[in-house]
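Me: I would like to go through the labels attached to this model one at a time, and to ask in each case what they rest on. Please set the values against the cut-offs where the reasoning needs them.

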Amino acid sequence: MQKKILLIDDDTDLCRLLSNNLSSEGYQVCTCSDGNTGLSEFWRGEYHLVVLDIMLPQKNGYEVLTEIRAKSTVPVLMLTARDSEGDKVSGLRMGADDYLTKPFGNSEFLARVSALLRRYMEFNTESAAASCITAGNLTINVSGRQVQKGQKQIALTAKEFDLLLFFAQNPKQVFTKKQIFHAVWNEEYAFDDNNIMVHIRRLRKKIEDNPDNPAYIVTVWGVGYKFGGGI
């Protein structure tokens, strides 16, 4: 996927140079010369990084940064012609991810861009994978500990949710009752099959279309259970 970068700076020569250098690295670049236009373009497009100058017409860089941070976590690399520690601290406290003081070298600029994009893309990929699991018509919100079946919210107890999450994170893998007990109850297994079976039965009633012929939590006779065998 080609990364999109929004460059907001009123120095047209610098914009042209940075845009050419970024484009040569395979990035898609859009340039704006004032704060208002830059903000409008940011909300209109889907950008992976913003390179933002502090000294801008109409809205300055701090104002633009504040509005971006109110709704977005897209990384922002601030540019300034002033080598002031106070400027840098202010920008970082307001949500900037990195800072470069003009003049700067092309290699350093591209390295900063690459590092910010890499961290952002890795974080988003890991976050998306960890925060939501979809199986059939079930959606499991991991961080919110919520389960939805189609458009309907499913009310689960804490242990039922833990049990479902364990299965959903290990699809098609067969687990014995002992393995399930260790993973979900985090206790030594004492041949308490009834406890596990009661929770599975209750969970099936809530998530299965037909609890007697389950599609999600499937019995593997003589061994244990697996998730998603009939989806």
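Me: Why is Lys-172 called exposed?

Reply: This is a predicted model, and in it Lys-172 has a relative accessible area of 53%. Exposed requires a value over 50%, so Lys-172 counts as exposed. The residue is found in the loop between H6 and H7, and its phi is near 65°, a positive value in a residue other than glycine.

Me: What makes a positive phi worth pointing out?

Reply: Most residues other than glycine have a negative phi. Gln-58 is another residue with a positive value, its phi being near 70°; Gln-58 is found in the loop between strand S3 (49-53) and helix H3 (61-69). With a relative accessible area of 59%, set against the cut-off of over 50%, Gln-58 is therefore exposed.

Me: How do you know that Asp-34 has no salt bridge?

Reply: A salt bridge needs a side-chain nitrogen of Lys or Arg within 4 Å of a carboxyl oxygen of Asp or Glu, whereas the nearest side chain of opposite charge to the buried Asp-34, that of Lys-59, is 8.6 Å away. Asp-34 lies in the loop between strand S2 (28-32) and helix H2 (35-44), and a polar atom of its side chain lies 2.8 Å from the backbone nitrogen of Thr-37. Leaving aside neighbours within four places in sequence, Asp-34 is in contact with Ile-8, Pro-57 and Gln-58.

Me: Why is the pair of Phe-42 and Trp-43 called edge-to-face?

Reply: The ring centres of Phe-42 and Trp-43 are 4.9 Å apart, and their planes stand at 70°. Centres within 6.5 Å make a pair, and planes over 60 degrees apart make it edge-to-face, so both conditions are met by Phe-42 and Trp-43. Phe-42, at 6% relative accessibility, counts as buried, while Trp-43, at 41%, counts as partly exposed.

Me: What makes the pair of Phe-166 and Phe-167 tilted?

Reply: The centres of Phe-166 and Phe-167 are 5.8 Å apart, with 55° between the planes; that angle falls between the limits of 30 and 60 degrees, and the pair is therefore tilted. Both residues are buried, and together with Phe-175 they form one aromatic cluster.

Me: Why does Asn-195 count as partly exposed?

Reply: Asn-195 has a relative accessibility of 23%, and partly exposed covers the values between the 20% limit for buried and the 50% limit for exposed, so Asn-195 counts as partly exposed. Asn-195 is found in helix H8 and touches Phe-181 and Trp-185, not counting residues up to four places away in sequence. Phe-181 is 14 residues from Asn-195 in sequence and 9.1 Å from it in space, C-alpha to C-alpha.

Me: Which residues have the most contacts inside the largest nonpolar core, and which element gives the most to it?

Reply: The largest nonpolar core has 27 residues, and those with the most contacts inside it are Ile-140, Ile-180, Ile-217 and Phe-227. H6 gives the most to this core, with seven residues. A second, separate core of 20 residues includes Phe-42, Ile-68, Tyr-99 and Tyr-120.

Me: How do you know that the peptide bond joining Lys-102 and Pro-103 is cis?

Reply: The bond joining Lys-102 and Pro-103 is a cis peptide bond, with omega about -5°. Most peptide bonds are trans. Pro-103 is found in the loop between strand S5 (98-101) and helix H5 (106-131).

Note on methods:
Residues are numbered from 1 along each chain as its sequence is written. This is a predicted model: local features need pLDDT of at least 70, side-chain atom pairs count only at pLDDT 80 or more; totals for chains, interfaces and linings use all residues. Side-chain values use heavy atoms; hydrogens and water are left out. Helices (H or I, at least four residues) and strands (E, at least two) are DSSP runs, numbered from the N terminus. Buried means under 20% relative accessible area, exposed over 50%, partly exposed in between (1.4 Å probe, protein chains only). Lys and Arg count as positive and Asp and Glu as negative; His and the chain ends are not counted. A polar contact is a pair of N or O atoms within 3.5 Å; within protein, one must be able to donate a hydrogen and the other to accept it, and residues adjacent in sequence count only if both atoms are side-chain atoms. Contact means heavy atoms within 4.5 Å. A nonpolar core is a set of buried Ala, Val, Leu, Ile, Met, Phe, Trp, Tyr and Cys residues joined through side-chain atoms within 4.5 Å. Rings of Phe, Tyr and Trp (its six-membered ring) pair if their centres lie within 6.5 Å; planes under 30 degrees apart count as stacked, over 60 as edge-to-face and the rest as tilted.
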